[in-house]
Amino acid sequence: MAHPRHELNDAFQTPIRFSLMAALGRTAQIDFRTLRELLEADDSVLSKAVSHLEKLGYVTVTKGYVGTRPRTWVQASAQGHRAYQQHLRALRAITEGLLD
């Protein structure tokens, strides 16, 4: 049987991308500013993380306006949510019994 580390997804190997997917959950659509505050991240770091995950099809980005102010919203795609859940299962399998 293969070690569960082989099931880890490289897309979630950085703390910011891992935290971003955790913040989004399954259906939340969160604006960029709120994500930046939640994750305590700089604009450029968060922007790069969102772009990386968007290229993989793991998040969708919607741009629009609230009044006259531009806004960007980010949401996990179904594919991204499934990939993140698989990553979490692999982490649990690796740590199972080790923390007791």
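**Entry 1: order of the elements**

I began at the N terminus and followed the chain through its elements, which run α-β-α-α-β-β-α. Counting them by type, I arrived at four helices and three strands. I noted beside this that I am reading a predicted model, and that its residues are numbered from 1 along the chain as the sequence is written.

**Entry 2: the chain as a whole**

I next looked up the overall dimensions, and the C-alpha atoms fill a box of roughly 55 × 25 × 20 Å when the box is taken along the principal axes. The accessible surface comes to about 6,700 Å², and 50% of that surface belongs to carbon and sulfur atoms. Of the 100 residues in the chain, 30% count as buried. I also checked how far along the sequence the contacts reach: among those between residues at least 6 apart, 57% join residues that are at least 24 apart.

**Entry 3: helices α1 and α3**

How do the axes of α1 and α3 cross? I found that the axis of α1, residues 15–24, and the axis of α3, residues 43–55, come within 10 Å and cross at roughly 70 degrees. An angle of 65 to 115 degrees counts as roughly perpendicular, and α1 and α3 are therefore roughly perpendicular to each other. I then listed the residues that make this contact: α1 supplies I16, R17, L20 and M21, while α3 supplies V45, L46, A49, V50, H52 and L53. Sorted by character, the residues of this contact divide into eight nonpolar, one polar and one charged.

**Entry 4: N9**

I moved to N9, which lies in the segment before α1. Is N9 buried or exposed? Its relative accessibility is 17%, and because buried means under 20%, N9 counts as buried. I followed its side chain and saw that the side chain of N9 reaches the backbone nitrogen of A11 at 2.8 Å. Setting aside residues up to four places away in sequence, I wrote down that N9 touches Y58, A83 and H87.

**Entry 5: H81**

Which element holds H81? I located H81 in helix α4, which covers residues 78–95. With a relative accessible area of 17%, H81 is buried. Leaving out residues up to four places away in sequence, I recorded that H81 touches M21, G25 and R26; M21 had already appeared in my list for the contact of α1 with α3. I also looked up the distance from H81 to A22, and although these residues are 59 apart along the chain, their C-alpha atoms are separated by 9.3 Å.

**Entry 6: L56**

I turned to the loop between α3 and β2, where β2 covers residues 59–66, and found L56 there. L56 has a relative accessible area of 38% and is partly exposed. When neighbours within four places in sequence are left aside, L56 is in contact with A11 and Q79; A11 is the residue whose backbone nitrogen the side chain of N9 reaches. The C-alpha atoms of L56 and G80 are separated by 8.3 Å, and these residues are 24 apart along the chain.

**Entry 7: E40**

My last stop was E40, in the loop between α2, residues 32–39, and α3. What is the phi of E40? I noted that phi is near 50 degrees, which is a positive value in a residue other than glycine. E40 has a relative accessibility of 74% and counts as exposed, whereas N9 counts as buried.

Definitions and conventions
This is a predicted model: local features need pLDDT of at least 70, side-chain atom pairs count only at pLDDT 80 or more; totals for chains, interfaces and linings use all residues. Side-chain values use heavy atoms; hydrogens and water are left out. Axes are lines fitted to C-alpha atoms, for helices over the stretch in contact, and angles run from 0 to 180 degrees between N-to-C directions. Helices (H or I, at least four residues) and strands (E, at least two) are DSSP runs, numbered from the N terminus. Angles under 35 degrees count as roughly parallel, over 145 as roughly antiparallel, 65 to 115 as roughly perpendicular and the rest as oblique. Contact means heavy atoms within 4.5 Å. Ala, Val, Leu, Ile, Met, Phe, Trp, Tyr, Cys and Pro count as nonpolar, Asp, Glu, Lys and Arg as charged, and the others, Gly among them, as polar. Buried means under 20% relative accessible area, exposed over 50%, partly exposed in between (1.4 Å probe, protein chains only). Accessible areas come from the Shrake-Rupley method with a 1.4 Å probe; for residues, only the protein chains shown count as cover. A polar contact is a pair of N or O atoms within 3.5 Å; within protein, one must be able to donate a hydrogen and the other to accept it, and residues adjacent in sequence count only if both atoms are side-chain atoms.
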